[in-house]
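Q: Could you take a close look at one part of this model for me, the place where the two chains meet? I'd like the contacts and what kind of residues make them, and a word on the cysteines afterwards.

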Amino acid sequence: MKYLKYIRIFFALIIFVPILLFFLDFTGKVPARFHHVAEVQWVPAILSASIVILVILLLLSLLFGRIYCSVLCPLGVFQDIVSWKSRLFRSKKRKGYPSFTPAQSILRYTILALVVTGLLAGSSFLLMLLDPYSVFGRMMSQLFRPIVLEVNNLLADFLGSKGNYMLFRVNQSGFVPVVFAISFSFFVIISVMAWLRGRLFCNTICPVGTFLGLLSRFSVFRIKINESSCVKCGLCEKKCKSQCIDLKKMEVDHSRCVTCFDCISACKKSSMTYGLRHKQTNEASVSPENKNRRTFLISTGIAVSGAVAARAGQIKSNNDPFYTRKPVMPPGAINSESFHDKCTACQLCVTKCPMQVIKPASMQYGISGIMQPHLQFSTHEYCTYECSICSNVCPTGALKPLSVEEKKLTRVGVAVLQLSRCVVIADETDCGACSEHCPTQAVHMVDYKDGLTKPEVTADICIGCGACESICPAKPVQAIYVVGVDVQKRAKKPAEAPAFDKKVEDFGF
Amino acid sequence: MKRRDFFRSATLTGLATVFSPKMLAEASVENELSVQAAPDMVAVMGGEPEVMLIRALKELGGIQKYVKKGYKVVIKPNIGWDRQPEMAANTNPDLIGALVKQCKSAGAKEVLVFDHTCDNWRKCYQNSGIEEAVVAAGGRMVPGNDETMYKSVDLPKGTRLKSTKIHEAILDCDVWFNVPVLKHHGGAKNSIAMKNLMGIVWDRGYFHKNDLHQCIADVATFHKSPALNIVDAYRIMKSNGPQGKSESDAVTLQSLIVSRDFVAADAAAIKLFSQVKPTDINDVRYIGMAENHNLGTQDLDRIKVKKIKL
């Protein structure tokens, strides 16, 4: 049965590596279908109501316990890697984890209860903050990806100086201080916890872990201790990432066991086994499961009574409509309410946007929408016409998948012109940068005076891609900018230019 | 030159040197004229891009006149937009491929192609078909999105644009070709040869902010001018330029205009364009401004133009 651990590692890597590559890749070489791996995650599946995936995950949990935590969850595998590395730095005596420690039940159930209460009350903020897949996504996009890009840029510079253009520089423009700070804090906390105590995060803070802990009491297969052959050497306890093996009571706390099978591999007497659960013969007066249920109910009570509806308003720093305009959601968000409810800010769309126009929000959506993606236009950064990648990689259904043709008619915002700031009016010189970049020619040039032309916006064919704003030379407040919408409606299809059907047979000179 | 001719001219020159300084002067002027007999502009109509290019180069004295063995060559097409070749938003990929092939056949050590694109550069290079054509012909694409590759250059003759950052590929090469596509343009009215120079520059925002037309004329004063401006008018964009909305903005004219003279090339291209969409050359103000910079002439009667219909 010792092979179980290796099977677990094998499958974990098959899932982890594609997700990792998908988050770190900036060349577009990692196949787009890899994003389906991100869909086989509890929180994205719940939010996108993917029944098939939910049934599969549920069956997996009911059959095998918290296999999601040990195999499917990228944050779980990340912690395994950290704690595995930590052993290299330990003295021989201290190899392994502390032995059995009791569960932090009040804490974990309170957190789960708060998350559930929040969801019922219509706020997915806590879920977004704590969903392990999204926490992993933010760590990758905010911390690891910039490092990968920097290494690439250094290499590209070096090769470029030798006349080799195989690699190319990629701009780093996604730095948003508050998002970085949150991601970095999670990275530090989770790494320290994993370094010292293995899966402590999963068993105290992670709401998915706690939820699966509740589920795993029904699981068909589980870790068992064979009392007759066990010599209580304690090797299994030391190897247990969850510190959930209690050799004094000869019990395994299944609510915390992530089915990593390390104990089975560690046991020299083959006393640890994985199999059908015991028939409950000598039930204690209060089984650990019952205790858990009780704590969960108490915690829910605390959470509900203590739930604070923290709904901070928008920042009001400047009254210019340029600063107070509505933020622009990525294409496919369709409806701001469902977008904010479903988005867990995993940053997958942010990392996959070839234009780097999608950035995590700081306060644009208010405090509850912190880290959720929005479009922030600047030079060369706008929503390019022939692309709908973001909407197609979203695992939670916050962005509905759009074909490129659909996206070309999806209005994410509308361009607003303030002619007094336009260089044509202010300086009386030709410009036309906005119209030049407008793919639908919603922004087009009309006669102004003395052969000069000025921009004009036909709102009903504008899709709010922001190309005009991104290139407008009026700085720092552009003369043309995009105002977001609450509901992304279909824009009118731009009329085609009349075709030229005469024959030109001469040069004209 | 036949051996007999050589002896004859050598003898004559020798005699002239001995007998008359004036005759020598005349002979050498005549000699120069015979070398420069190539036209100032060649316009070709009615063929595929490669055929028209080869014909135009032949009239001008062959690619060998511009590309010597071992040269580092740069080709600067318009690859500004993430658009298919049929939309005429970018230079025709077949034309660029053919030009790379020509340079290679003349013994170029390497042929580099780049543009500082407006849309995402990777998507532009790919969807314009230019990357594929260049690589197939043995050339290489160079990134144009990287500010570190642009080096500051003074433009002492410029009026509004006194210095700007230009791509190092242009600065380092032995010879370069400017290969724009003929287009309508919302801001500059028309985008042809001189407007295409905005793609060798890093900071285009400065142009838009400081009199677009004057800056275009100013950047054309850059001392390292292209050996030839090869204006692609195989397909032109007649409306909604510079990126176009649909294929109905494109018109197939199967034409090519080649000249070293920026002003003449742009003026001739506008005349061709005007047959599809009448355009007043005076509204394309950078052309007159460039003429004031002594960069060439709008008056096509003053230069030798060779027109060829295939």
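A: Sure, bearing in mind that this is a predicted model. Let's start with the overall footprint. On the chain A side 46 residues are in contact with chain B, where 61 residues take part. Between them the two chains bury about 4300 Å², with 55% of that on carbon and sulfur atoms. In chain A, the residues that lose the most area to chain B are A:Tyr165, A:Phe507 and A:Phe509, which together make up 21% of what that side buries.

Now for the polar side of things. Across the interface of chain A and chain B there are 26 residue pairs in polar contact, and 4 salt bridges turn up as well. A:Arg169 pairs with B:Asp146 in a salt bridge, with their closest N and O atoms 3.8 Å apart.

As for secondary structure, helix H21 (423-427) and helix H22 (433-437) of chain A each supply at least two residues of the side touching chain B. H22(A) gives the largest share, 3 residues. Sorted by type, that side of chain A has 24 nonpolar, 12 polar and 10 charged residues.

And the cysteines? Searching the whole structure gives 0 disulfides over all chains. A:Cys244 has its closest cysteine sulfur in A:Cys240, but the distance is 3.7 Å, so that is too far for a bond; the cut-off is 2.5 Å. A:Cys260 is in no disulfide either, as the nearest cysteine sulfur, in A:Cys263, is 6.2 Å away. A:Cys244 is buried at 2% relative accessible area, and A:Cys260 also counts as buried, at 9%.

How values were computed. Residues numbered from 1 in each chain as written. Chains lettered and ligands numbered in written order. Predicted model: local features only at pLDDT ≥ 70, side-chain atom pairs only at ≥ 80, totals over all residues. Heavy atoms only, no water. Buried < 20%, exposed > 50% of the residue type's maximum accessible area, 1.4 Å probe, protein only. Contact = heavy atoms within 4.5 Å. Buried area = accessible area lost by both parts, 1.4 Å probe. Salt bridge = Lys/Arg side-chain N within 4 Å of Asp/Glu carboxyl O. Polar contact = N/O pair within 3.5 Å; in protein donor to acceptor, adjacent residues only side chain to side chain. Helix = DSSP H or I, 4+ residues; strand = E, 2+ residues; numbered from the N terminus. Nonpolar A, V, L, I, M, F, W, Y, C, P; charged D, E, K, R; others polar.
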